[in-house]
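Subject: Structure for your files

Hello,

Here is the structure I said I would pass on. My notes on it follow below the display.

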Amino acid sequence: MALKLPSFSFLSSFAPPQMASLRSPKFCMASMLSTGPKEVENVKKPFSPPREMHVQITHSVPPEKIEIFKSLENWAEQNILVHLKPVEKCWQPQDFLPDPASDGFHEQIKELRNRANEIPDDYYIILVGDMITEEALPTYQTMLNTLDGVRDETGASMTSWATWTRAWTAEENRHGDLLNKYLYLSGRVDMKQIEKTIQYLIGSGMDPQTENSPYLGFIYTSFQERATFISHGNTARLAKDHGDFNLAQICGTIASDEKRHETAYTKIVEKLFEIDPDGTVLAFANMMKKKISMPAHLMYDGRDHNLFEHFSAVAQRLGVYTAKDYADILEFLVGRWQVEKLVGLSAEGRKAQDFLCRLPPRIRRLEERAPGRAKQGPSIPFSWVFNREVKL
């Protein structure tokens, strides 16, 4: 999950800064949930997570809806667990990194670092942001285990839903491990500042506003996994453009995992549309009205209170994840789940259907009209690259 992704708040963790004027005050996670300067500067205080500025809704799904997921246990075993790979057939981070047990280890490191030196700092800002997002994996497993009806009740439950959550987490865990080790070996980044950012992010958690609802939760993860697939795919493309084919393979391999996980999550929501079209279309509209904020929206390095927005701006400028991507993902999901073809909906369901079908072009129009679309932004220092300045 990285991602999954810049800062009009209803974009993913990479939502572009020119959309800032479109934020809803209620849901601007990046700014409203950030830790205040006084809290950070008071070193005598223990870690204090950001204060939530909106009213959190919990356990919004009635018991009869939860029973749907319990009834889908066998279906999930046959249709969702098949998207996992056996451990022995999975790639591992070491497959892409210098072998510390080999005689040529030091030469391999030197070659990796020589290639890394040819890549500009702005690319490393994106790669670090992607890695940090992946490394906050404990938060994402926790989030899935807040969902009623599908959580892992014991920590080792044998239900299909719990098995999926643990095994999905295990597969995702390789992503952060691989990127972290690569960045460490590259010598291009300040690992201590990066490690602090990871600790801050895991400690702060996330609030995707999924209300303990598996409807909202699986819609959110469907969107997020596609966003991280796009982001990692674009980092692979850029690495290739910079001549580092090994790094391109690393990012592309991670993107392939994200695509496979996207397939599983979208299949779950497709099944919900089949069983409960009215409830599912209402949940889909609910999630999109609240906007999708991706896992890294509380990113902080101990210095930059707008780190998430600055990282997002670089991603937007490089074309790694943009406002257009947000609209494209939504349009893809509307088509994937055949929202336009739903019939027999309630009056509220029809309103939600109309809202969802009209939303992608509306987002594109808003993005086109948004101020601050100049290609050249200011340059600011990033602690991740030893405070060197990078253009937003």
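H175 touches W91, E134, I254, D257 and E258, leaving aside residues up to four places away in sequence. The model is a predicted one, and what follows should be read with that in mind. H175 is found in helix α8 and is buried, at 0% relative accessibility. Two of those contacts, E134 and E258, appear with H175 and E172 in a UniProt "binding site" feature from an unreviewed entry. The positions of that feature are spread over 125 residues of sequence but cluster in space, the largest C-alpha distance being 11.2 Å. E172 is also part of helix α8, which covers residues 160-186, and its relative accessible area is 0%, so E172 is buried.

The unreviewed UniProt entry also has a "binding site" annotation that covers E172, E225, E258 and H261. These positions span 90 residues in sequence, but no two of their C-alpha atoms are more than 10.9 Å apart, so they gather at one spot. E172 and E258 are listed in both annotations. E225 lies in helix α10 and, at 0% relative accessibility, is buried.

Salt bridges

The whole structure contains 24 salt bridges. I looked at three of them.

R174 and D257 meet through their side chains at 2.3 Å, N to O. R174 lies in helix α8 and D257 in helix α11, so this pair ties together parts that are 83 residues apart in sequence. Both partners are buried: R174 has a relative accessible area of 5%, and D257 is at 3%. The pair belongs to a network in which salt bridges with shared partners join E171, R174, D257 and R260. D257 is also one of the residues that H175 touches.

R388 and D121 form a salt bridge between their side chains at 2.7 Å, N to O. Here the link runs from strand β2, where R388 lies, to helix α6, where D121 lies, so parts that are 267 residues apart in sequence are tied together. R388 is partly exposed at 33% relative accessibility, whereas D121 is buried with a relative accessible area of 16%. The cut-off for buried is under 20%, so D121 falls on the buried side of it.

The side chains of R115 and D244 meet in a salt bridge at 3.2 Å, N to O. This pair links distant parts of the chain, with R115 in helix α5 (residues 105-116) and D244 in the loop between α10 and α11, 129 residues apart. R115 is partly exposed at 21% relative accessibility, while D244 is buried at 1%.

The loop between α10 and α11

G243 is placed in the loop between α10 and α11, the loop that also holds D244. At 40% relative accessibility, G243 counts as partly exposed. Its C-alpha atom is separated by 8.4 Å from that of I119, although the two residues are 124 apart along the chain.

Helix α6

D130 lies in helix α6, which covers residues 121-135. D130 is buried, with a relative accessible area of 0%. Its side chain makes a polar contact of 3.5 Å with the side chain of S231.

The loop between α9 and α10

Which residues in this loop have a positive phi without being glycine? Q209 has a phi of about 60° and is not a glycine, and N212 has a phi near 65°, again in a residue other than glycine. Q209 lies in the loop between α9 (191-204) and α10 (214-241), and N212 has its place there too. Q209 is buried, with a relative accessible area of 9%, and N212 is buried as well, at 12%.

The hairpin

Strands β1 and β2 form a hairpin with 5 residues between them, and F386 in the turn has a positive phi of about 60°. The two strands pair in the antiparallel sense over 4 bridges, with β2 covering residues 388-391. Within the pairing, P381 stands opposite E389 in β2. In a regular strand, side chains alternate between the two faces of the sheet. Strand β1 (residues 379-382) has I380 and F382 on a covered face, and S379 and P381 on an uncovered one. R388, the partner of D121 in the salt bridge above, lies in strand β2.

Regards

Notes. Residues are numbered from 1 along each chain as its sequence is written. This is a predicted model: local features need pLDDT of at least 70, side-chain atom pairs count only at pLDDT 80 or more; totals for chains, interfaces and linings use all residues. Side-chain values use heavy atoms; hydrogens and water are left out. Buried means under 20% relative accessible area, exposed over 50%, partly exposed in between (1.4 Å probe, protein chains only). A polar contact is a pair of N or O atoms within 3.5 Å; within protein, one must be able to donate a hydrogen and the other to accept it, and residues adjacent in sequence count only if both atoms are side-chain atoms. Two strands pair if DSSP finds at least two bridges between them. UniProt positions are given in the numbering used here, feature names are shortened, and annotations may be inferred rather than shown by experiment. Contact means heavy atoms within 4.5 Å. A salt bridge is a side-chain nitrogen of Lys or Arg within 4 Å of a carboxyl oxygen of Asp or Glu.
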